Amino acid sequence: MQENERKEKFLTDSDIEIKRVYNKTTVADEQPGEFPFTRGVQSTMYRSKLWTMRQYAGFSTAEESNKRYHYLLNQGTTGLSVAFDLPTQIGYDSNHDFADGEVGKAGVAIDSLRDIEILFDGIKLENITTSMTINSTASILLSMYIALAKKQGADLKKISGTIQNDILKEYAARGTYIYPPKPSMRIITDIFEYCAQEVPKWNTISISGYHIREAGSTAVQELAFTLANGKAYLKAAIDKGLDINVFAKRLSFFFNAHNNMFEEVAKFRAARRMWAKITKDLGATDPRAQMLRFHTQTGGSTLTAQQPHNNITRVTIQAMAAVLGGTQSLHTNGFDEAIALPTEEAARIALRTQQIIGFESGVTDTVDPLAGSYFVEALTNEVEAAAWEYINQIDAMGGAVDAIEEGFMQNEIAASAYKYQHDIQTGEKVIVGVNKFTVEEKPLGDVFTIDDSIRQLQIDKINKVKAERDNEKVKELLQTLDSNARADVNLMPTILAAAENYTTLGEIADTMRNVFGEYK
């Protein structure tokens with residue numbers, strides 16, 4: 001006898017129908033570490049080494065952020081991840097009128113190499129991997145990082161880390177772009193080319209689905225649009241004459257993890273399989289150029305200001321999904337991030353969540369523990385099929401750049417975001433503590449805020465740097481950058497030279513603005 005069920009239909013967040021029960025399905029005879037990498041990019045996965053526990057941090061001045069980095073390293077984090085403030089992200093120095101009210105708020109303020117020297121004071125770059133969430137100004141921040149590594153005497157062949165450097169998702173979902181798409185793509189391929197020769201262990205792009213998901217996409221849209229963008233970067237680099245078997249090894253991805261655990265696991269497994277096919281079809285023969293390696297961050301948009309301690313549970317579920325899905329590195333959000341920047345306590349709890357999963361849960365003891373689950377295998381196939389439908393549509397438009405310029409991705413994301421909010425408001429989707437199980441609450445006690453006075457500290461630092469540097473040399477380097485931007489010359493060596501001579505981020509970005517214009 002069949003009993004009544006709670007709903008007429010059970011659906012994932014991507015509207016894939018979930019059956020009452022899953023019976024035996026065909027499971028491919030695949031092994032971890034082998035094409036198409038559905039089961040993971042390494043044969044031993046976490047039995048050899050846990051994922052990199054990389055807590056995203058950056059706020060206020062370089063001095064304050066440096067203290068937080070040392071705190072996290074002392075608490076057991078195994079990689080650094082830098083958040084930059086909005087002026088830094090869009091190429092304005094802290095003394096620019098547009099920077100007023102934003103300096104040090106969303107991340108750390110970086111105006112010149114002097115700030116990078118302070119940010120990593122006491123940290124040997126050769127001994128740590130660093131991820132930098134930066135896009136439009138990625139070439140400048142990477143140059144400052146390389147300049148500091150050189151000052152530290154590091155072997156540039158050994159320094160490793162990642163710049164996000166994914167401009168297409170900025171046009172589609174986020175907004176911190178500066179230049180139009182075509183010159184932006186040119187700068188990105190310049191970075192690919194330069195790093196392949198000079199900094200070969202550096203991940204030159206982290207193709208990001210995270211912000212697409214934060215803007216309101218479904219899991220399927222996040223996957224499809226991210227891989228479509230990745231395909232556009234591959235084609236741009238191939239058109240520049242770069243070898244896919246070389247540069248594709250240094251591409252990585254950045255995905256979101258939300259609460260629907262099994263759909264998220266299926267998304268990560270499908271992503272690897274799809275990317276292996278995309279790279280192979282474009283000529284990659286080296287298995288390492290076919291592998292999708294990815295960083296995961298738990299879902300910022302899922303955090304609630306109501307009953308914020310519930311977020312600890314949400315983050316745990318999301319982190320577990322990332323680990324079960326085979327992530328290479330992970331950031332777990334602080335429970336208070338829907339209200340303010342995370343306090344030290346919230347950052348510590350977030351890191352401990354990863355450590356408990358890694359050392360106590362047992363899920364790291366075998367590779368791909370959910371393989372062979374009728375449900376997970378079927379859901380992986382369904383997520384993949386739905387994502388291919390989107391990619392085929394995008395290909396028919398001419399690729400990701402054309403799809404973005406036509407507004408296709410933006411409109412699809414907006415429609416999904418509307419539906420998600422509508423379902424919360426009608427109660428179709430339950431958010432615990434928000435539209436069900438609510439209580440009267442006192443405000444959260446310890447909240448971390450940034451003082452507006454730090455802008456003046458940054459302005460004083462800029463003035464000091466400009467008084468001490470060789471301003472004639474800076475002027476000469478900016479003129480060279482201008483002429484190289486107008487010609488078909490790789491921009492990275494000139495940007496690096498400018499950074500080494502304490503040219504400010506805003507001066508470098510403005511020089512390229514004058515050549516390329518701004519995207520409206």
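1. K24 is exposed, with a relative accessible area of 72%. The structure is a predicted model, so this value, like the others below, is computed from predicted coordinates. K24 sits in the segment before β1. Its C-alpha atom is 9.1 Å from that of F375, although 351 residues separate K24 and F375 in sequence.

2. F375 belongs to the buried set of helix α14, which also includes V376, E377, A378, L379 and T380. Further along α14, V383, E384, A387, Y390, I391 and I394 are buried as well. The cover over these buried residues includes α8 (219-239) and α10 (261-281). Also part of that cover are α15 (400-405) and α16 (408-426). Note that the buried list contains the glutamates E377 and E384.

3. The length of α14 can be checked against its residue count. The helix runs over residues 374-397, which is 24 residues, and at 1.5 Å a residue it should span 34 Å. The end C-alpha atoms are 36 Å apart, so the expected and modelled spans agree. Just after α14, G398 takes a positive phi of about 110 degrees.

4. The same check works for α6, residues 181-198. Its 18 residues should span 26 Å at 1.5 Å a residue, and its end C-alpha atoms are 26 Å apart, which agrees. Helix α6 is mostly covered, with 13 of its 18 residues buried.

5. Helix α10, one of the elements covering α14, also packs against α12 (residues 310-324). The two axes come within 8 Å and cross at roughly 30 degrees. Angles under 35 degrees count as roughly parallel, so α10 is roughly parallel to α12. The crossing is right-handed. On the α10 side the contact is made by M261, E264, V265 and F268. On the α12 side it is made by I317, M320, A321, A322 and L324. By class, the contact has eight nonpolar residues, one charged residue and no polar ones.

6. Which peptide bond is cis? The bond from F35 to P36 is cis, with omega near 5 degrees. P36 is found in the segment before β1 (52-57). Most peptide bonds are trans, and most residues other than glycine have a negative phi. A reader may therefore wish to look at this bond and at the two residues in the next point.

7. M45 has a positive phi of about 45 degrees although it is not a glycine. M45 lies in the segment before β1 and is buried, with a relative accessible area of 6%. Y502 is another residue other than glycine with a positive phi, near 65 degrees. Y502 is placed in the loop between α19 (492-500) and α20 (505-516). Residues under 20% relative accessible area count as buried, so Y502, at 15%, is buried.

8. Is S143 buried or exposed? S143, in helix α4 (residues 138-151), is buried, with a relative accessible area of 0%. Leaving out residues up to four places away in sequence, S143 touches M492, I495, L496 and A499. Helix α19 covers residues 492-500, and these four partners of S143 carry numbers within that range.

Notes. Residues are numbered from 1 along each chain as its sequence is written. This is a predicted model: local features need pLDDT of at least 70, side-chain atom pairs count only at pLDDT 80 or more; totals for chains, interfaces and linings use all residues. Side-chain values use heavy atoms; hydrogens and water are left out. Helices (H or I, at least four residues) and strands (E, at least two) are DSSP runs, numbered from the N terminus. The expected span of a helix is 1.5 Å times one less than its number of residues. Buried means under 20% relative accessible area, exposed over 50%, partly exposed in between (1.4 Å probe, protein chains only). Contact means heavy atoms within 4.5 Å. Axes are lines fitted to C-alpha atoms, for helices over the stretch in contact, and angles run from 0 to 180 degrees between N-to-C directions. Angles under 35 degrees count as roughly parallel, over 145 as roughly antiparallel, 65 to 115 as roughly perpendicular and the rest as oblique. A crossing is left-handed if the near helix is turned anticlockwise from the far one by less than a right angle, and right-handed if clockwise. Ala, Val, Leu, Ile, Met, Phe, Trp, Tyr, Cys and Pro count as nonpolar, Asp, Glu, Lys and Arg as charged, and the others, Gly among them, as polar.
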